Amino acid sequence: MDTFKTLEIKESVFENNNIQADLLRDELKQEKVFLLNLMSSPGSGKTTTLVRTIETLKDEMNIGIMEADIDSDVDAHTIAQTGTRVIQLHTGGMCHLDADMTRQGLSGLNIDKLDLAILENVGNLVCPAEFDTGASKNAMILSVPEGDDKPLKYPLMFSIVDVLLINKIDAIGFFDFDLEAVIHRARKLNPNITIIPISAKTGEGIGEWADWLRNQTRLWNQS
Amino acid sequence: MHELGVVIGVVNKVIQVAESNQLQSVDTIVLQIGQLSSMIPSYIQACYPAAVDGTMLEQTKLEIEILPANAMCKACHQVFNIIENRSQCPHCEGDDWGLLSGKEFIIKEIIAQ
Ligand SMILES: Nc1nc2c(ncn2[C@@H]2O[C@H](COP(=O)(O)OP(=O)(O)OP(=O)(O)O)[C@@H](O)[C@H]2O)c(=O)[nH]1
Ligand SMILES: [Mg+2]
Ligand SMILES: [Zn+2]
């Protein structure tokens, strides 16, 4: 007669990626490169915000951008026009980046000359939240037209990010978007989250956002 | 869709455990997936045959247990599901709570001979 036995494993499936991500973070710390992982839904303004950020910071820092897209080069071309180093990562149908893919992207950017690297993750509020890329800090953009209920629908994403940019704030008059409600809902999920309303179109709030980046980069290089 | 890559990771891990425990064959793999996870159980089941194809797990069954997105209300200490209740306690309408479960994606156990 067959005898069956149960072997307990109790191991998170993300364990291997988490180990790779921690390794990468340690290396970036040694190299004094601050890596920001930027996530959002498609079209919330990641690329437009990056262009603004580059314009504001490019005279004080060496910046490199990684554009993750399932299959196109459009965003990488837009970034290249600012004169900043950019690399396109094709995820080949994958809906998120993991630590290994991020490492490959960074090696293509030549990181020993960088102070700030930013990864534009695949446009998606679900999958990227579960895969640690090895970034120093995680950011997300929620744009006004997407609605103020997003923290209720995608709680995991709001709970793992360090900073939330609320973009397209110039258009708030056209939508019934309750800014206070979003702030309240996001803080319930994540009491330490920094929230900055911005408009990548008019430049509103970009100064505060650039200060956050300056400050985080400085702290990263200190400790 | 990210399930296939992740399921291949699960399969590799289980093969490693099976080999180090000198198991002849594995009857069942049991996964636990939280309701807040981006892993969709039916997609996992759908790509599982491709992931085990040609491995020692070809005949192995896959079982998935769903763990609810449960939180405890800090005001009245009742436990409730945050997805079903839109992040608000159905007992006292409080919205200050701590998450108890729902984020996991775990290989719970394997059943083997
Ligand atoms: N009104 C307004 N429009 C904006 C703002 N920021 C971006 N947009 C517009 O929103 C659209 C999408 O912006 P992108 O920067 O391409 O968004 P994205 O998140 O990079 O998009 P994907 O890479 O496709 O996911 C463009 O038409 C932008 O001009 C803003 O602050 N206000
Ligand atoms: Mg873009
Ligand atoms: Zn309550």
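Where in chain B is the place of B:Arg86? In this predicted model, B:Arg86 sits in the loop between β4 (79–81) and β5 (97–99) of chain B. Its phi is near 45°, a positive value in a residue other than glycine, and with a relative accessible area of 52% B:Arg86 is exposed. In chain A, A:Lys168 also has a positive phi, about 65°, although it is not a glycine; A:Lys168 is found in the loop between β7 (163–167) and α7 of chain A, and its relative accessible area of 26% makes it partly exposed.

The table sets these residues beside two others, each with its place and its relative accessible area.

| Residue | Place | Relative accessible area |
|---|---|---|
| A:Asn17 | helix α1 (residues 15–31) of chain A | 11%, buried |
| A:Lys168 | loop between β7 and α7 of chain A | 26%, partly exposed |
| B:Gln16 | helix α1 (residues 3–20) of chain B | 49%, partly exposed |
| B:Arg86 | loop between β4 and β5 of chain B | 52%, exposed |

**The contact between the chains**

Between chain A and chain B, 29 residues of chain A are in contact with 29 residues of chain B, and the area buried between the two chains is about 2,600 Å², of which carbon and sulfur atoms give 64%. Of the area that chain A buries against chain B, A:Leu7, A:Ile9 and A:Val13 supply 22%, more than any other three residues.

Polar and charged groups also take part in this contact. There are 10 residue pairs in polar contact between chain A and chain B, counting pairs with both residues at pLDDT 80 or more, and the count of salt bridges between the chains is two. One of the salt bridges is formed by B:Asp95 with A:Lys188, whose closest N and O atoms are 3.8 Å apart. On the side of chain A that touches chain B, the elements β1 (5–12), α6 (155–160) and α7 (179–189) each supply at least two residues, and β1(A) gives the most, with eight residues. Sorted by class, that side of chain A has 14 nonpolar, seven polar and eight charged residues.

How many bridges join β1(A) to strand β6 (residues 105–112) of chain B? Six bridges join these two strands, which run antiparallel, and within this pairing the bridge partner of A:Glu8 in β6(B) is B:Glu109.

**Strand β7 and helix α7 of chain A**

Five of the five residues of β7(A) are buried, so this strand is largely enclosed by the rest of the structure. From β7(A), the residues A:Val163, A:Leu165 and A:Asn167 point one way, whereas A:Leu164 and A:Ile166 point the other way, and all of them are buried. The strand β7(A) pairs with β6(A) in the parallel sense over five bridges, and in that pairing A:Asn167 of β7(A) is the bridge partner of A:Ser143. With β8(A), the strand β7(A) pairs in the parallel sense over four bridges, and A:Leu165 stands opposite A:Ile196 in β8(A).

The helix α7(A) has its own set of buried residues, namely A:Ala181, A:Val182, A:Ile183, A:Ala186 and A:Leu189. These buried residues pack against β6 (137–143), α5 (150–153), α6, β7 and β8 (194–197) of chain A, together with β5 of chain B. At the start of α7(A), a side-chain oxygen of A:Asp178 reaches to within 3.2 Å of the backbone nitrogen of A:Glu180.

**Two residues in the α1 helices**

Is A:Asn17, in helix α1 (residues 15–31) of chain A, buried or exposed? Because its relative accessibility is 11%, A:Asn17 counts as buried. A polar atom of the side chain of A:Asn17 lies 3.0 Å from the backbone nitrogen of A:Ala99. Leaving aside residues up to four places away in sequence, A:Asn17 touches A:Asp98, A:Ala99, A:Phe131 and A:Asp132.

In chain B, B:Gln16 lies in helix α1 (residues 3–20) and is partly exposed, with a relative accessible area of 49%. B:Gln16 and B:Gln32 are 16 residues apart along the chain, and their C-alpha atoms are separated by 19 Å.

Methods. Residues numbered from 1 in each chain as written. Chains lettered and ligands numbered in written order. Predicted model: local features only at pLDDT ≥ 70, side-chain atom pairs only at ≥ 80, totals over all residues. Heavy atoms only, no water. Buried < 20%, exposed > 50% of the residue type's maximum accessible area, 1.4 Å probe, protein only. Polar contact = N/O pair within 3.5 Å; in protein donor to acceptor, adjacent residues only side chain to side chain. Contact = heavy atoms within 4.5 Å. Buried area = accessible area lost by both parts, 1.4 Å probe. Salt bridge = Lys/Arg side-chain N within 4 Å of Asp/Glu carboxyl O. Nonpolar A, V, L, I, M, F, W, Y, C, P; charged D, E, K, R; others polar. Pairing = 2+ DSSP bridges.
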